[in-house]
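Reader: Hello! I would enjoy a close look at one part of this protein, with helix packing and aromatic side chains in mind. Could you walk me through it at an easy pace?

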Amino acid sequence: MGDFTVALNPPKTFGPEILPPISRTSAAARGRVTKISFKPHGFRAIRASVMPSEGQQHSSLGDSLVNSPHRNDVVDVIRRSAISNCLSETNLHNTVPGLLSKTRGKVRDIYDAGDYLVLVTTDRQSAFDRILASIPFKGQVLNETSLWWFERTKQIVPNAVVSAPDKNVTIAKKCSVFPVEFVARGFVTGSTDTSLWTVYNKGARNYCGNVLPDGMVKNQKLSENILTPTTKAADHDVPVTPEEIIEKGLMTQSDYEEVSEKALSLFEYGQQVASEHGLILVDTKYEFGKANDGSIMLIDEVHTPDSSRYWIASSYLERFQNGLEPENIDKEFLRLWFKSHCNPYEDEVLPDAPEDLVCELSWRYIFLYETITNSKFEMPLTEEPIHDRISRNVASALSSLK
């Protein structure tokens, strides 16, 4: 299927980029902040001009993440009342009239409601193609984060959202889902078997149609954003090239071209927004479907801490220069804990995630939501059981759609 090489995703060669020397003086002390400048299909690191207020805001992100009164208050609530009240499973087909069936995903429980789908985002935490733990408030964070992004990206691509009757629920239009996940990447990083750094470190130099040069190191910025699509095989993700996607009939050439262009546009927009809030959107995944009228729709989730990797921008360059891992606001640290304590791909039984790590991940998800949306995360105040609340809200929403 070489005829598709140029039209779909021609192999690109990305040369290693020499990062500028970094002063030991902190960004806060200089009154400057590291900014990320984005261009179509790429971005570059630059030194910002003097912007005291913005610099102070961004340079404090790392401190706010690990040590702030707000963090302590949130973690205290999580530890006292939320950690034992996670939404790990739902059974709305037993409590809400009109639901026809349930499909259990890694994180979402999906219910068939005739013309619509009811997507309930639980607190289940997945990685390595399995469930690791339940994280308090995670489902609410993911649902509300996605809704925020869906509203702001609909000018790039329409989405399937109909309504959001509950903090953990989205009602969506049905569509024909493409069996391909579009993973957009801006850096060589990651710890899973399909991550760019893992395969690169094992010697791969052509990954999903992208040719990579020798000499790159972990967490290095690519000279241009790339797509590394995956598809499902049994219970794990399998990287595929654009040619394989067409050969296997997973997508048509025209659908692939349209979706890949939209995926890169979404990623570039997400990077711009993240940069404005002192963050780097490192990589993410998108899922798409086709509506009855043939239009492409964005589905599932957008730029959440579950589907995306975020780093704090102000400290990235200096930490990279010194061989340190970036300050991250995602689940990578939990992945790394499991990799150091077991074989998460092969061990039949995994150790329980430590409570401190569960609380920390819950806080990081909330922190990311508040940082990106510039709004306060509203914890449910009622003592009503979560499942009862969701059942009531979904039943009311579905009745209004009839």
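Author: Gladly; what follows starts with a pair of helices and moves on to aromatic rings and one acidic residue. Please keep in mind that this is a predicted model.

Let us begin with helix H6, residues 138–153, and helix H12, residues 355–373. Their axes come within 9 Å and cross at roughly 20 degrees. An angle under 35 degrees counts as roughly parallel, and H6 and H12 are therefore roughly parallel to each other. Their crossing is left-handed. On the H6 side, the contact is made by Lys138, Val141, Leu142, Glu144, Thr145, Trp148 and Trp149. H12 contributes Tyr365, Ile366, Tyr369, Ile372 and Thr373. Sorted by character, the residues of this contact comprise 8 nonpolar, 2 polar and 2 charged.

Two of the H6 names, Trp148 and Trp149, lead us to the aromatic rings. The structure holds 15 aromatic pairs. In one of them, the ring centres of Trp148 and Trp149 are 5.1 Å apart. Their planes stand at 85 degrees, and because an angle over 60 counts as edge-to-face, this pair is edge-to-face. Trp148 has 16% relative accessibility and counts as buried. Trp149, at 0%, counts as buried too.

Another pair joins Phe182 and Tyr256, with ring centres 5.7 Å apart. Here the planes meet at 35 degrees, so the pair is tilted. Phe182 lies in strand S11 (residues 182–188), while Tyr256 belongs to helix H9 (residues 253–276). The pair therefore ties together parts that are 74 residues apart in sequence. Phe182 is buried, with a relative accessible area of 0%, and Tyr256 also counts as buried at 0% relative accessibility. Ring pairs link these two residues with Tyr286 and Phe288 into a cluster.

Finally, have a look at Asp283, which is found in strand S17, residues 279–290. Buried or exposed, where does Asp283 fall? At 5% relative accessibility, Asp283 counts as buried, because the cut-off for that label is under 20%. Leaving aside residues up to four places away in sequence, Asp283 touches Ala184, Arg185, Thr189, Phe267, Ser307, Ser308 and Arg309.

Terms used. Residues numbered from 1 in each chain as written. Predicted model: local features only at pLDDT ≥ 70, side-chain atom pairs only at ≥ 80, totals over all residues. Heavy atoms only, no water. Axes fitted to C-alpha atoms, helices over the stretch in contact; angles between N-to-C directions. Helix = DSSP H or I, 4+ residues; strand = E, 2+ residues; numbered from the N terminus. Parallel < 35°, antiparallel > 145°, perpendicular 65-115°, else oblique. Left-handed = near helix turned anticlockwise from the far one by under 90°. Contact = heavy atoms within 4.5 Å. Nonpolar A, V, L, I, M, F, W, Y, C, P; charged D, E, K, R; others polar. Phe/Tyr/Trp six-rings, centres within 6.5 Å; stacked < 30°, edge-to-face > 60°. Buried < 20%, exposed > 50% of the residue type's maximum accessible area, 1.4 Å probe, protein only.
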